[in-house]
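Colleague: Could we go through this one together? I would like to hear the reasoning behind each label.

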Amino acid sequence: KQVNLKRAGRIIELQKAQKQTIKYEIIHLIFLLISVLIVVFKYRQLSTLQWALIIAINMYANVYPIFLQRYNRVRILRILEKTKKL
């Protein structure tokens, strides 16, 4: 997909990207919740190694992307604020 390079087009693209960060963050939050529920309901059946593995996978596959999406959204919102002032 090609990004529109005109000023109005850039603002629209940034607004779309901001909405996508929210969508992706929600998806990762849902998967994080599912994995936590699995651990809660299966905690007696899990070994220490399995607990550690689940935590490590969640940190990599869910927690890190959530923080990344939030970081990107803050950056996008700062750019949009600057464009409003121009």
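Colleague: Which hand does the crossing of α1 and α2 have?

Modeller: The crossing of α1 and α2 is left-handed. Keep in mind that this is a predicted model.

Colleague: What is the angle between α1 and α2, and how far apart are their axes?

Modeller: Helix α1, residues 7-42, packs against helix α2, residues 48-85, at about 160°. Their axes lie 9 Å apart.

Colleague: And what makes α1 roughly antiparallel to α2?

Modeller: Angles over 145 degrees count as roughly antiparallel. The angle here is about 160°, so α1 is roughly antiparallel to α2.

Colleague: How do the residues of that contact divide into nonpolar, polar and charged?

Modeller: In the contact of α1 with α2, 19 residues are nonpolar, 10 are polar and four are charged.

Colleague: On to the charged pairs, then. How many salt bridges does the structure hold?

Modeller: There are four salt bridges in the structure.

Colleague: Why is the pair E25 and R70 called a salt bridge?

Modeller: The cut-off is a side-chain nitrogen of Lys or Arg within 4 Å of a carboxyl oxygen of Asp or Glu. The closest N and O atoms of E25 and R70 are 2.6 Å apart, so the pair qualifies as a salt bridge.

Colleague: What does that pair tie together?

Modeller: E25 belongs to helix α1 and R70 to helix α2, so the salt bridge ties together parts that are 45 residues apart in sequence. E25 and R70 are also linked with R73 in a network of salt bridges.

Colleague: How do you know whether E25 and R70 are buried or exposed?

Modeller: Buried means under 20% relative accessible area, and partly exposed lies between that and 50%. E25 has 7% relative accessibility, so E25 counts as buried. R70 has 39%, so R70 counts as partly exposed.

Colleague: And how far apart are K16 and E13 in helix α1?

Modeller: K16 and E13 are three residues apart in helix α1, which means about one helical turn between them. Their side chains meet in a salt bridge at 3.9 Å, N to O. K16 is partly exposed, with a relative accessible area of 39%.

Colleague: What about E81 and K84 in helix α2?

Modeller: E81 and K84 are three residues apart in helix α2, about one turn. They form a salt bridge, with the closest N and O atoms 3.8 Å apart.

Colleague: Why is K84 called exposed?

Modeller: Exposed means over 50%, and K84 has 64% relative accessibility, so K84 counts as exposed. E81, at 41%, counts as partly exposed.

Definitions and conventions:
Residues numbered from 1 in each chain as written. Predicted model: local features only at pLDDT ≥ 70, side-chain atom pairs only at ≥ 80, totals over all residues. Heavy atoms only, no water. Axes fitted to C-alpha atoms, helices over the stretch in contact; angles between N-to-C directions. Helix = DSSP H or I, 4+ residues; strand = E, 2+ residues; numbered from the N terminus. Parallel < 35°, antiparallel > 145°, perpendicular 65-115°, else oblique. Left-handed = near helix turned anticlockwise from the far one by under 90°. Nonpolar A, V, L, I, M, F, W, Y, C, P; charged D, E, K, R; others polar. Buried < 20%, exposed > 50% of the residue type's maximum accessible area, 1.4 Å probe, protein only.
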